[in-house]
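Reader: I'd like to learn how to read this fold feature by feature. Could you take me through it, general idea before the particular case?

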Amino acid sequence: MSATITLPIEGMTCASCVRRVETSLAKVAGVQDVSVNLATEAATVTAADDVAVCTLEQAVAGAGYAVPQESVVLDIAGMTCASCVGRVEKVLKKLPGVAGAEVNLATERAVVTVYRGAATVAQLVAAVTAAGYSAAPHAEAGAVAPRSGWHDLKPFVISALLSLPLVVPMAGDLFGAHWMLPAWVQWLLATPVQFWFGARFYRAGWKALAAGTGNMDLLVALGTSAAYGLSIYLWLTDTSGMPHLYFESAAVVITLVLLGKLLEARAKRATTEAIRALQALKVPTARVRRADGEHEVALESVAVGDMVVVRPGERIAVDGEIVEGATHVDESMITGESLPAARHPGDRVTGGTLNAEGLIAVRTTAIGAETALARIIRLVESAQAKKAPIQRIVDRVAAVFVPVVVAAALVTALGWGLATGDWTAALLNAVAVLVIACPCALGLATPTAIMAGTGVAARHGILIKDAEALEIAHDVKVVAFDKTGTLTAGQPSLTACEGADAAAGEVLRLAAGLQSGSEHPLARAVAAAAARDGIIAPPVEDFSALPGRGVSGRVEGRLLKLGAGRLLRDSGLDAPALAARAAALEAAGNTVSYLMSTDRVLGLLAFGDTVKPHAAAAIARLKAQGITTVLLTGDNAGAANAVARALGIDDVRSEVLPEAKAETVAALKAGGKVAMVGDGINDAPALAAADVGIAMATGTDAAMHAAGITLMRGDILLVAEAIAISRRTYAKIRQNLFWAFIYNIVGIPLAAFGLLNPMLAGAAMAFSSVSVVSNALLLKRWKPGAH
């Protein structure tokens, strides 16, 4: 059998590219025909059924091109345990065009990575449906929690009322009273519970069986049906008139499982409170100023550039810049900062934050999916949907869990029956084995802890991009910091300007002209100093940045350079007259730059930056956590060492070029897992190279994209808090997995040896899932500083 697959190809520019891709694909074993179209940028491949799309992708990559991928998010209904998760993932990964799939039991969501154009949403939905579940494209969650109340409670309440009369006679036995109900009454009470309220287990179990797999529902259906069937048999074959039946076991097990599912659903809803709280910040309408006055319009009608008026006490509807008015803005739900921030004309504001007391006009800079709030929601949802690496162990166990349990129940029944001849007891013990086994707790142990951990972190201004970053961060042994903008305020000022071959005023004038082509913080410091002294900066031509070293350009016809000592040395120049002064300035913590022409040094400029208020406390807290701190900066050794001494940093790596930062981070990994904290474009390679990248949201988008964790405000204390919540979350994951595994390891043998009756087994199963989710919810109590 063969199949035809269409793959989009990126990077082709000519007929040679087409030929290269075709040749590479044709070499793949099993490929029968290849046709690449440059106009549509797609390859049509006819190949044997067993040729995986990922193999074709690797062939395209080997030729120097790429197959673009995209993510599709599906809401999955009908999953009840870890076995269901494995089944859905398996059918999705089998589809042509699917590169990968991750299914999360707690969020009931699948994130499917597909090769663009190679698989449609309809195909994904059809595959999930064929596996016995239902699926739909994920719709953005609303601010309101899913329906709860009598609709959810009714099945359990009625089931409990019908089961109660079956259980009460057992209490009478304790006091020597015999309150056993007639057999027909027991049957009348148990049957609706078994086949009406228990129908969900039969439906889901049958679907799993039809798909060639098993799940928790199948175990419950098999176990309770055995107890119900045994009771019918004993009733019909009894001649004494008062047989001992087991209708209560079947009914109570179903009732307890329904209770467990009810409590589990409520607990799972609680883990998504962070998302709902963020969704609630969205404003449905905005007051837009037009030529004919102010109009209340739907948020979807607002465009970039529109002027939005926000009154005191209202939430700001869009991301934008204040044009009129001044106020204080409550940003606590976005940044975790409890104190309102002062905002004036020219300051940026974020949609969803609360305008405290001033009337302001805001020019819209971002709307819809591009707003900071929308990006935060996507980030938190993504983190909660992803799997932690430790979950892969659970998935392997879950894949064989149900067949092993069914086999254990069969062995139990045969063992007891053959050994004792009491097939009634044998069947009841087998029922207990089926009922107590719970893959639900295994499936929920990791995702619920991750959802609770990422949710509480987001409320305190720590955005965790994915579960892997959360898991790795708990084991961080080294934290490397960028200096400017991370440990310091990133707002340097000119502290000294001295001439060597030119007067100090002339040095400042030429430097201001040269730096007029730059947006670097040092350039702004030079411009501010020149403006303060009434100096008019000349224009610059042929301006260029020299990464990690400085800038160059032509001012008044002269080629000038401004940069650190590295640039001075690279230019083959020296400044002996300034050496002593430069050393003294650097020792005092200043950054020293030299202004030079092609053949001589004209002078130096020194810049000072203030250390952030909580930087020393942050370093101390990291040390208390047993973490080694490193300062990694392109600044001179004197300035770097001065900052390190002031803050108590363990190690200093100075004068490191941006391209060498990643190599330095890689070298630091010899001391254990490394986290890199930075805020600039030049930090992005190091953030990506670290085991965990931590970016300041006050910095650049490039840094935030490269990092696994983003701190929503510039408080460096959040670095220690991010590691603390990671450690707390990972501890919960380990606790949950321990109890989920130990519960099954202990419970199944107890049931097999006849030490648990089916009702106790059902109660234990219901309790196991609830206890795992409830334990994860304890993370919601976490607060910064609680280590």
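Author: Let's begin with burial: a residue is buried under 20% relative accessible area, exposed over 50% and partly exposed in between, using a 1.4 Å probe and protein chains only. Helices (H or I, at least four residues) and strands (E, at least two) are DSSP runs, numbered from the N terminus. In strand β28, Val692, Ile694 and Met696 on one side and Gly693 and Ala695 on the other are all buried, so both faces are covered. Before going on, this is a predicted model, where local features need pLDDT of at least 70 and side-chain atom pairs count only at pLDDT 80 or more, while totals for chains, interfaces and linings use all residues. Residues are numbered from 1 along each chain as its sequence is written, and side-chain values use heavy atoms, with hydrogens and water left out.

Reader: What share of the chain's residues counts as buried?

Author: Of the 787 residues, 52% are buried. The chain holds 27 helices and 29 strands, and its C-alpha atoms fill a box of roughly 120 × 65 × 65 Å along the principal axes. Contact means heavy atoms within 4.5 Å. Among contacts with a separation of 6 or more, 69% are between residues 24 or more positions apart.

Reader: Back to β28, then. Which strands does β28 pair with, and in what sense?

Author: Strands of a sheet pair through backbone hydrogen bonds, either parallel or antiparallel. Two strands count as paired if DSSP finds at least two bridges between them. Here β27 (residues 673–678) runs parallel to β28 and is joined to it by four bridges; methionine 676 has glycine 693 as its bridge partner in β28. Strand β29 (residues 709–711) also pairs with β28 in the parallel sense, over three bridges, with methionine 696 opposite leucine 711.

Reader: And where can I look for antiparallel pairing?

Author: Try the open sheet of three strands in the order β13-β12-β15, where the pairing is antiparallel. β13 (341–343) and β15 (354–355) are the edge strands, each with a single partner, so one side of each lacks a neighbour in the sheet. Strand β12 (residues 327–330) meets β15 over two bridges, and aspartate 330 has leucine 354 in β15 as its bridge partner.

Reader: Now helices. At what angle do α7 and α8 cross?

Author: Two packed helices are described by the angle between their axes and the distance between the axes. Axes are lines fitted to C-alpha atoms, for helices over the stretch in contact, and angles run from 0 to 180 degrees between N-to-C directions. For α7 (residues 199–210) and α8 (residues 216–237), the axes come within 7 Å and cross at roughly 120°. Under 35 degrees counts as roughly parallel, over 145 as roughly antiparallel, 65 to 115 as roughly perpendicular and the rest as oblique. That makes α7 and α8 oblique to each other.

Reader: Which residues make that contact?

Author: From α7 come Arg200, Phe201, Tyr202, Ala204, Gly205 and Leu209, and from α8 come Met216, Asp217, Leu218, Val220, Ala221 and Ser225. The residues of this contact split into eight nonpolar, two polar and two charged, where Ala, Val, Leu, Ile, Met, Phe, Trp, Tyr, Cys and Pro are nonpolar, Asp, Glu, Lys and Arg charged, and the others, Gly among them, polar.

Reader: What covers the buried residues of α22?

Author: The cover includes α20 (576–587), β23 (591–596), α21 (615–624), β25 (628–632) and β26 (651–653). The buried residues of α22 (residues 637–647) are Gly638, Ala639, Ala640, Ala642, Val643, Ala644 and Leu647.

Reader: How far apart in sequence and space are valine 456 and leucine 779?

Author: They're 323 residues apart in sequence and 7.3 Å apart in space, C-alpha to C-alpha. Valine 456 sits in helix α15 (residues 439–459) and is buried, with a relative accessible area of 1%. Leaving out residues up to four places away in sequence, valine 456 touches Ile725, Leu779, Lys780 and Trp782.

Reader: Last one: where does phi turn positive?

Author: Most residues other than glycine have a negative phi. Aspartate 542, in strand β20 (residues 540–546), has a positive phi near 50° and is exposed at 60% relative accessibility. Glutamate 655, in the loop between β26 and α23 (658–668), has a positive phi of about 50° and is partly exposed at 28%. Glycine 648, just after α22, takes a positive phi of about 80°.
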